[in-house]
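This report describes selected features of one protein model, beginning with a pocket and moving on to the sheet, a cavity and some individual residues.

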Amino acid sequence: MKLYNFDFSKKIFYHPEKIVEYKQGKRPFPTSLEIDLTNICNHRCDFCFHAEHRAKDKSSLDTDLIKKRIKETCELGTKGISFTGGGEPMIHKDFIGIMEYTHSLGLHIGLITNGSLINEDNASKMIKCLTWIRISMGGGDKESYHKVQGVNQFERVIKNIKILSDTKTKEKSSLNIGIRVLVTKENLQSLANLTNIIKDFNINYLQVAPDQFTNDCGKFWNDQKTKEVFSQVEKIISKKGIMLLTAGYMMFQDNLDHPRTCYAHFFHSAIIAEGYLLFCKNARDKEKYYVGNITKKTLKEIWNSEHVKKLESYIKPYNCGLFCKNLALNIAMEDSLHPALDVSFNFVG
């Protein structure tokens, strides 16, 4: 059995104009942008790296301001907006309105949510506006879910996913629906139960993800018993046309010195609930990568600031101090822009 992952490195080639702009010495604005609408969350996941910060900061983005900045992203070349956290994006008091406004601008929209606030009233609106949605699950049964996710809402979330699935079927929608489970020792054995529940839902994939912060050097993830559970899960859902995916960025960390610079921020970035635009979307807890605040400056002003340009001049995957989830993208750009001399790149095939 082989676990497949989204290949983000290939996606840069759907935007050749960005590569051309970079080769011309320009600085294209990110193709996709994550937005943390709020730091408030109604769950207490034990794996949440943002939990300590959220306990101190309850910020939410002002509705009128974020609408203004989202419109600005269109003018700067952004194609996709994903609402994530931070906290739970659907808790924002104007989430539906912001989502519908973003859709009206022609932007593609993604949503990462714990699924607790999906209901029959908003499901059809989400089906209409979203390109994809990913529901985070802490476990595959009541007990493991409660232990990992910190709340007793397993049955509620399953019910909500079913509502979304039924609405998708009713409206003949192409919405990409996924469920993601951060696999731990506490919830591993519950995956079969989750699989049997969702196998007849109209969803696209189940993603099992490793804990990148574990200190066991991958022992649990690569254990034979873990692999056997994944095989059991795959056999069940593959018959229903549901893919079993993983998150495979961990394998690239041994090649940090290859890309001569960081290209990833030209393709995606993030705005957090406090209003800061980030140099790297994976730097939510690193203030040195907060490049400007949208409450004080436009996105264009921030992007063209000397602070951003200074970061670009010296930041590389090996010296940024972050776990580089963007390394596959950076390597793809490096190999495209600066092919090795022995590649004979003008001979294709």
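In this predicted model, 12 residues line the second largest pocket, and those nearest its centre are Val183, Asp211, Thr214, Asp216 and Phe220. The space in this pocket comes to about 190 Å³. Its lining is made up of five nonpolar, three polar and four charged residues.

A search of the whole structure for cavities of 30 Å³ or more returns one. The largest cavity holds about 120 Å³ of space. Its lining consists of 15 residues, with Cys262, Cys280, Cys320, Leu322 and Cys324 nearest the centre. By class, 10 of the lining residues are nonpolar, three are polar and two are charged.

The table sets out the lining classes of the two spaces.

| Space | Nonpolar | Polar | Charged |
|---|---|---|---|
| Second largest pocket | five residues | three residues | four residues |
| Largest cavity | 10 residues | three residues | two residues |

The sheet comes next. It is open and has 11 strands with mixed pairing, in the order E1-E8-E7-E6-E5-E4-E3-E2-E9-E10-E11. Strand E1 (4-5) and strand E11 (290-293) are the edge strands, each pairing on one side only. Within the sheet, strand E3 (residues 80-84) and strand E4 (residues 108-113) run parallel and are joined by four bridges. In this pair, Ile81 stands opposite Ile109 of E4. Helix H10 (residues 224-238) packs on the sheet, where it touches strand E7 (205-209) and strand E8 (243-246). The direction of H10 makes about 145 degrees with that of E8.

Two loops have backbone features to note. Gly86 lies in the loop between E3 and helix H5 (95-104), and the peptide bond joining Gly85 and Gly86 is cis, with omega about 10 degrees. Lys172 is in the loop between helix H8 (154-170) and strand E6 (176-182). Its phi is positive, about 50 degrees, although Lys172 is not a glycine.

Is Lys172 buried or exposed? Lys172 counts as exposed because its relative accessibility is 78%, and the cut-off for exposed is over 50%. Ile331, in helix H13 (residues 327-337), has a relative accessible area of 13% and is therefore buried, the limit for buried being under 20%. From C-alpha to C-alpha, Ile331 and Leu130 are 30 Å apart in space, and 201 residues separate them in sequence.

Technical notes:
Residues are numbered from 1 along each chain as its sequence is written. This is a predicted model: local features need pLDDT of at least 70, side-chain atom pairs count only at pLDDT 80 or more; totals for chains, interfaces and linings use all residues. Side-chain values use heavy atoms; hydrogens and water are left out. On a 1 Å grid over the protein atoms alone, a cavity is a set of points where a 1.4 Å probe fits but cannot get out, and a pocket is an open set with protein on both sides within 12 Å along at least five of seven lines; lining residues have an atom within 4 Å of a point. Grid points are joined across faces, edges and corners, and a volume is the space filled by probe spheres set on the points. Ala, Val, Leu, Ile, Met, Phe, Trp, Tyr, Cys and Pro count as nonpolar, Asp, Glu, Lys and Arg as charged, and the others, Gly among them, as polar. Two strands pair if DSSP finds at least two bridges between them. Contact means heavy atoms within 4.5 Å. Axes are lines fitted to C-alpha atoms, for helices over the stretch in contact, and angles run from 0 to 180 degrees between N-to-C directions. Buried means under 20% relative accessible area, exposed over 50%, partly exposed in between (1.4 Å probe, protein chains only).
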